[in-house]
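Reader: I am in my first year and new to structures like this one. Could you take a close look at one part, the strands and how they pair, and then fit that part into the rest?

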Amino acid sequence: MTLLSVQNLRVTFETENGPVEAVRGVSFSLGRERLGIVGESGSGKTMTGRALLRLIRPPGRIEADAMIFDGQDLMQASERQMRGLRGRRIAMVMQDPKFSLNPVMTVGAQLTEGLRQRDRLGWDDARKRALAALEAVQIRDADRVMAAYPHELSGGMGQRVMIAMMLIPEPDLLIADEPTSALDVTVQAEVLSILDGLVRDRGMGLIFISHDLRLVARFCDRVLVMYKGRVVEELAAADLMAARHPYTRGLLNCLPRIGGARGPLPGLDRSGDWAE
Amino acid sequence: MAGLRVWLMDPNPTSRRQARLGQFWLGWLRLRRNPLAVSGLVIVGLLLVVAAFAPVIAPHDPLAQDLSRRLLPPGTPGNLLGTDDFGRDILSRIITGSRITLYIVGLVAVTAPFLGLLIGTVSGYFGGWTDAVLMRITDIFLAFPRLILALALVAVLGPGIENAVLAIALTAWPPYARVARAETLTVRNSDYIAAVRLQGAGVPRIILGHVVPTCLPSVIIRVTLDMAGVILIAAGLGFLGLGVQPPLPEWGLMISSGRKYLFEQWWVSTMPGLAIFIVSLGFNLLGDGLRDVLDPKSAPK
Amino acid sequence: MTDISQPGPPSRVAAIARRIATEGATLVVTLLGLLLMTFLIGRVVPIDPVLSIVGERATAEQYDAVRLALGLDEPLWKQFAIYVGDALQGDLGQSIRTREPVLEEIARYFPATLELATLATLFGVLVGVPAGVLAATRPGTLADQVVRVVGLMGYSMPVFWLGLIGLLVFYGMLGWVGGPGRLDSAYQMLFEFEVTQYTGMILIDTALNGRWDMFANAFSHIVLPAGLLGYVSMAYISRMTRSFMMNELGQEYITTARVKGMPEWRVVWVHAMRNVLVPLITVIALSYAYLLEGSVLTETIFAWPGLGSYITNALFAADMPAVLGGTVVVGAVFVALNMLSDILYRVVDPRAR
């Protein structure tokens, strides 16, 4: 069953030196599965994720032939309809909790905000749901975390709060934009396994955006490889190591291997006609 | 001409001068696209032209009294903006007054940033006790309301144009010191300063030759933005009779001399006020545009 | 597993104590500097303080007696110490014109200035903040340009000239407002005798006394100067609000709020505004302080019996103790407002606590 289907998505930014295309005609579809999007910085993967939520602000512009989520074309939806979808049906976890949590509001206020404003829940019910959500991301002293401000949390803790916040309304689709890149390596694995468990249990679709090829290969069912705003290759995660496209191969060759040759890692060869 | 533009826009400049001029050119292109900044530039340019050619442009002697032609309204043949209570031509007085305004602005623009730069760079470069003492002094000056301090200083020094300039300059330097100190702190421990020091350069040479130039751009932006404020304070002092003395045609003084006739002969006060307003608006528009060019972060998208 | 950083109570208390100590020291040094500066200005001024008290025709004995009484035979540092000691006890010297203690006089004049500046700041905040937000949420549009130009005009306007034009148009030509002064002269006496003065601020005192006729008259007098000063304050506040708001709206937590499906008004006025408030408080305090100062010229125009008028009149009468006393008070108010904004800053920003 297709949850989301995107055809020919383009994101353009008007700048002083003319328009710049960040995403140039991306098409894909997604069921209740995990789709990885990999690419270097500037490849348009983050912009693709935000375009799905129609969260590109002017001077940016979104165009697509179709962007159908659960039978509804997001391109045709009014801003009001989009607000109804955001949070409730499609959620997003961003890279760094240091910046993605409001620094002057308590964690509790931010967790319960959606429930109270969107779902009109009372204070007590909202608080109960928030505490449950914090426990679901394995935060034990949930009461204290609720009263804390974001700067009082560590990175891993902050990202768990973020995940809890986004999963409270049980969305159908979660976009995770480099959810572990800003975290310490040791914490990364923990946060990932929490995210993994929740997505699996609730059977939601996941778009996992990352620059980390191995992580994506391990964590996702299918992978899109993006370069300069285009999808250059799409393949099953299991086949990633056997990718044929020269760019993907190039990326794979850049990865050091334990026990591999100790010579300098090769650079990327960008001479093919895919790289214009 | 086209060759020059290509040379300026060259993404790979071959000399430092080319790179710097290219930057100026890009900045100018960006400034030119901002209509508000261009109008500011035009106003400031006009002020300079008018001040330079004041005796030629002014239709009358700004000091010549003619009591038979007192308080004539604007539009009177020969007196475009009317005459004041001594029958002097207001337009000529405003034109000549532009020289006084420019004189005050120019003197403050040279002295206050100089003092501020000196204190700021010394404070930032030496750090420690020097820094603590100098910054405390700066804070004390900042804690004083500017106009009132200027008033008190003029009270000590006596009224007059030079004393007004001195009083304004003495109240205007602390922000520059702050800016210069912040810039100095960022470069103080940089490698190129260390390199100069290792070559045996003395402290004065390091500060004047290497630290001060780094601070200049941010100080210059502040100066442009501050000029409007200086014009207003100078006019305020003139208005209170503590700045430029009669019969000189200083704009603030002219407003104050027209106060008696406000309700019947409104133009005597209104016209010089308009001149102050337009000129300080010009400086503000220009400064605002310059900041957008040099600090793109704060520019409107 | 807890990774909330939680400094133990003793270190936290010590940190707060240390901060209060350093801030207190800074405050004391600044105030001392303020006094030193006015003291020095008072000594170099070419007016003989003894002569201005005893008059031209005093005998040498009288002159010397006053000189001794003023402590002018002491060394300079001792004179300064006495000056500071007196100032700490609320003695800023005696006005030469009226022979009254300067501080008492200032206490009588200050409420008028406070009333004016407060009303103007209120206006500046109530108009300036929404205008700045409007401009920041629609950058580049006509609304943005209008706010920007109106703001720059406020920056460029000589306040005293604006006051004259205001009087000319709204009082002289249209007759919409009361003229100079705080009340019509008919009400002036009534106010002195029939109204219990709790605060010295006419709007508050007349309201507390239930004299609404007088309140309306006072309002018609204050609305023009307060509106004009408010315009200047609005110019500053709207520009700063715009730039702070633009900065916050570019932050990632704003995206988070939008992802949560929050309506735009909530994103701007709750999420962004709470963060804008942090630097905005300093700006508002600063603009309030500048209004207290900017009133020097406005009060002259509107014959407003406030601190600004007091200082300028004293200046023209060569009444140095009054000028310097007034300067010290304004400086102290400046410092106090700075401290207040520091405290509020801490309340609003949890990171600064």
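Author: Start with the vocabulary. Helices and strands here are DSSP runs, counted from the N terminus: a helix is H or I over at least four residues, a strand is E over at least two. By that rule, chain B has 12 helices and zero strands. Its pattern along the sequence is α-α-α-α-α-α-α-α-α-α-α-α. The strands to look at closely are in chain A, which has 11 of them, along with 10 helices.

A word on what you are looking at. Residues are numbered from 1 along each chain as its sequence is written, while chains are lettered from A and ligands numbered from 1 in the order in which they are written. This is a predicted model, where local features need a pLDDT of at least 70, side-chain atom pairs count only at 80 or more, and totals for chains, interfaces and linings use all residues.

Now the close look. Take strand S1 of chain A, residues 4-15. Two strands count as a pair if DSSP finds at least two bridges between them. S1(A) runs antiparallel to S2(A), residues 18-30, and 10 bridges join them. In this pair, A:Thr15 faces A:Gly18 of S2(A). S1(A) also pairs with S4(A), residues 60-63, through four bridges, again antiparallel. There, A:Thr12 stands opposite A:Arg61. S5(A), residues 66-69, is another antiparallel partner of S1(A), with four bridges. A:Ser5 is placed opposite A:Ile68 in S5(A).

Next, an open sheet of chain A. Six strands build it, in the order S7-S8-S9-S3-S10-S11, and the pairing is mixed. S7(A), residues 90-93, and S11(A), residues 230-236, stand at the edges; each has a single partner strand, so one side of each is left without a neighbour in the sheet. On average, neighbouring strands of this sheet are turned by 20 degrees against each other, direction ignored. (Such angles run from 0 to 180 degrees between N-to-C directions, with axes as lines fitted to C-alpha atoms, for helices over the stretch in contact.) At the S7(A) edge, the partner is S8(A), residues 173-177: the two run parallel and share four bridges. A:Ile90 sits opposite A:Leu173 of S8(A).

How far can you trust chain A? The scale is pLDDT, the predictor's confidence in each residue, from 0 to 100. Chain A has a mean of 82, with 91% of its residues at 70 or more. S7(A) has the highest confidence in chain A, at 89, and helix H10(A), residues 246-253, the lowest, at a mean of 75.

Step back to the whole of chain A. Along the principal axes, its C-alpha atoms fill a box of roughly 60 × 50 × 40 Å. For chain B, the C-alpha trace spans about 75 × 55 × 35 Å.

Now chain C. Its domain assignment gives domain 1 (12-88) and domain 2 (104-352), bounds that come from an automatic or database assignment. Their centres, over C-alpha atoms, are 32 Å apart. Their contact takes 13 residues from domain 1 and nine from domain 2. (Residues are in contact if their C-beta atoms, placed from the backbone, lie within 7 Å.) On the domain 1 side, H1(C), residues 9-44, and H2(C), residues 49-54, each supply at least two residues. H1(C) gives the largest share, eight residues.

Chain C also touches chain B. That contact takes 37 residues from chain C and 36 from chain B. Elements that give two or more residues to the chain C side include H1(C), H12(C) and H14(C). By class, this side has 26 nonpolar, nine polar and two charged residues. (Nonpolar means Ala, Val, Leu, Ile, Met, Phe, Trp, Tyr, Cys and Pro; charged means Asp, Glu, Lys and Arg; the others, Gly among them, are polar.)

Last, confidence beyond chain A. Chain C averages a pLDDT of 83, and 94% of its residues score at least 70. H5(C), residues 102-137, has the highest mean among its elements, 92, and H2(C) the lowest, 70. Over residues 1-9 of chain C, the pLDDT is below 50; this stretch has 13 contacts in the model beyond near neighbours in sequence. Where pLDDT is low, the predicted coordinates should not be read in detail. The model as a whole scores ipTM 0.86 and pTM 0.83.

Key. Two residues are in contact if their C-beta atoms, placed from the backbone, lie within 7 Å.
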